[in-house]
Amino acid sequence: MAFTMIKYITPLKESWRLKVRIVRFWEQPDFKDHTVIGTHELILVDEKGSKIQATINKHLFDNYKNLVKEGATRIISNFLVKKTGGQHRATSHDYKIVFIYKTNVRECDNVQLPLHGFDFVPFDKMHKKEVNDVFLVDVIGECTAMSDKIDTSTNGTPNYKVMFELEDLNKNTISGTLWGKYAEQMSEYKKEGIQGRPIIILQFVKIKRWRDQVSLCNSLFATKIFINEDISEVNDYKESITDGDDSRSVGITHLSSQNSHSIEDEFMKLSERKQLDEIPDTNKILCIYNI
């Protein structure tokens, strides 16, 4: 049976057969109880670089837990295909995959499958509003400014943020904010001492628009950060820097937190949004407040 490219996947049948790499995997909290896992989410990429999101409900995950590992290459067949929607979608595909009892997953070789499935968005296109901010995006750039880790904990719940600025090869810049574990990852990198040019890839991040200003922010779960990783995308980027001196000491400007948005504003931008038809059936009364 032949393999189908991701871009051709539709709900017309269940007998699709894909050869893909799992480039992202995360656990999504249950909608009713955030202390327990509701679904396991995957981002799959095929040899053409097309991506689609896949969902495994918690009651099925034991069947696949040894097979769905980030970076693994797999053949996946017999699954449902459902319409996707809402804000901050990890892929631009119109549909997503849902695992069912008869979904089959098996190992395969990794010939011609991208390692990370990056699809970098130019900074100037984001500033010109030429990029649809419904979707999460990938960016690469040199970190030129960073704040210290800022404690935003409330009511005994720990939380932190780090603000940053990236510069691309054309000297365009874009700022952003990382929260939670992503802020801690950036902060630890800064503590370890920066060697050479800090080239950073942010995968699956949100585009935020605030008073006609464009910035970046991590999603709650999907975002992945690569800091000076020894991968081809980072190495090629360093070789493309016009002054060609990666060994020189590059100072990172310290960013102050004084001009940052309020916690309320960041919360409204950071929170995951759902369409009403994505909310599970419940006997509880749904209350909607104006905040």
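Trainee: How many helices and strands does the protein chain have?

Mentor: In this predicted model, the protein chain has 4 helices and 15 strands. Buried residues account for 44% of its 291 residues.

Trainee: How much surface does the protein chain expose, and what share do carbon and sulfur atoms supply?

Mentor: The exposed area is about 16,100 Å², and carbon and sulfur atoms supply 47% of it.

Trainee: Among contacts between residues at least 6 apart in sequence, what share joins residues at least 24 apart?

Mentor: In the protein chain that share is 65%.

Trainee: How should strand pairing be read, for instance around β6?

Mentor: One asks for the sense of each pairing and the number of bridges. Strand β5 (residues 80–83) pairs with β6 in the antiparallel sense over 4 bridges, whereas β3 and β6 pair in the parallel sense over 2 bridges.

Trainee: Which residue in β6 is the bridge partner of Val-81, and which is that of Ala-54?

Mentor: Ile-97 is the bridge partner of Val-81, and Ile-97 is also the partner of Ala-54.

Trainee: Which residues have the most contacts inside the largest nonpolar core?

Mentor: That core has 25 residues, and those with the most contacts inside it are Met-126, Leu-166, Leu-202 and Leu-216. The elements giving two or more residues to this core include the helices α1 (123–127) and α2 (180–192), together with strands such as β8 (137–147), β10 (160–167) and β12 (199–210).

Trainee: With which residues is Met-126 in contact, leaving aside its neighbours within four places in sequence?

Mentor: The partners of Met-126 include Val-121, Val-131, Val-137, Val-139, Ile-174, Ile-207 and Leu-216; Arg-209 and Val-214 are also in contact with Met-126. A second, separate core has 21 residues, among them Ile-22, Ile-52, Val-68 and Ile-76.

Trainee: Is Ser-215 of strand β13 buried or exposed?

Mentor: Ser-215 counts as buried because its relative accessibility is 12%, and buried means under 20%. Not counting residues up to four places away in sequence, Ser-215 touches Ile-174, Ser-175, Gly-176, Lys-206, Ile-207 and Lys-208.

Trainee: How many aromatic pairs are there, and why is the pair of Tyr-64 and Phe-99 edge-to-face?

Mentor: The count is 4 aromatic pairs. The ring centres of Tyr-64 and Phe-99 are 5.0 Å apart and the planes stand at 90 degrees, so this pair is edge-to-face; the cut-off for that class is over 60 degrees. Tyr-64 lies in the loop between β3 (51–57) and β4 (73–77), and Phe-99 in the loop between β6 (95–98) and β7 (104–107), so the pair ties together parts that are 35 residues apart in sequence. Tyr-64 is buried at a relative accessible area of 4%, and Phe-99 is buried at 1%.

Trainee: Why is the pair of Phe-118 and Phe-120 stacked?

Mentor: Their ring centres lie 5.1 Å apart with planes at 20 degrees, so the pair is stacked. Phe-118 is buried, with a relative accessible area of 17%, whereas Phe-120 is partly exposed, at 30%. Phe-118, Phe-120 and Phe-226 form one aromatic cluster.

Trainee: Which lysines lie over the face of Trp-16 and of Tyr-95?

Mentor: Lys-13 lies over the face of Trp-16, at 4.3 Å from the ring centre. Lys-83 lies over the face of Tyr-95, at 5.3 Å from the ring centre.

How values were computed:
Residues are numbered from 1 along each chain as its sequence is written. This is a predicted model: local features need pLDDT of at least 70, side-chain atom pairs count only at pLDDT 80 or more; totals for chains, interfaces and linings use all residues. Side-chain values use heavy atoms; hydrogens and water are left out. Rings of Phe, Tyr and Trp (its six-membered ring) pair if their centres lie within 6.5 Å; planes under 30 degrees apart count as stacked, over 60 as edge-to-face and the rest as tilted. Buried means under 20% relative accessible area, exposed over 50%, partly exposed in between (1.4 Å probe, protein chains only). A charge sits over a ring if NZ of Lys or CZ of Arg is within 6 Å of the ring centre and within 35 degrees of the ring normal. Contact means heavy atoms within 4.5 Å. Accessible areas come from the Shrake-Rupley method with a 1.4 Å probe; for residues, only the protein chains shown count as cover. A nonpolar core is a set of buried Ala, Val, Leu, Ile, Met, Phe, Trp, Tyr and Cys residues joined through side-chain atoms within 4.5 Å. Two strands pair if DSSP finds at least two bridges between them.
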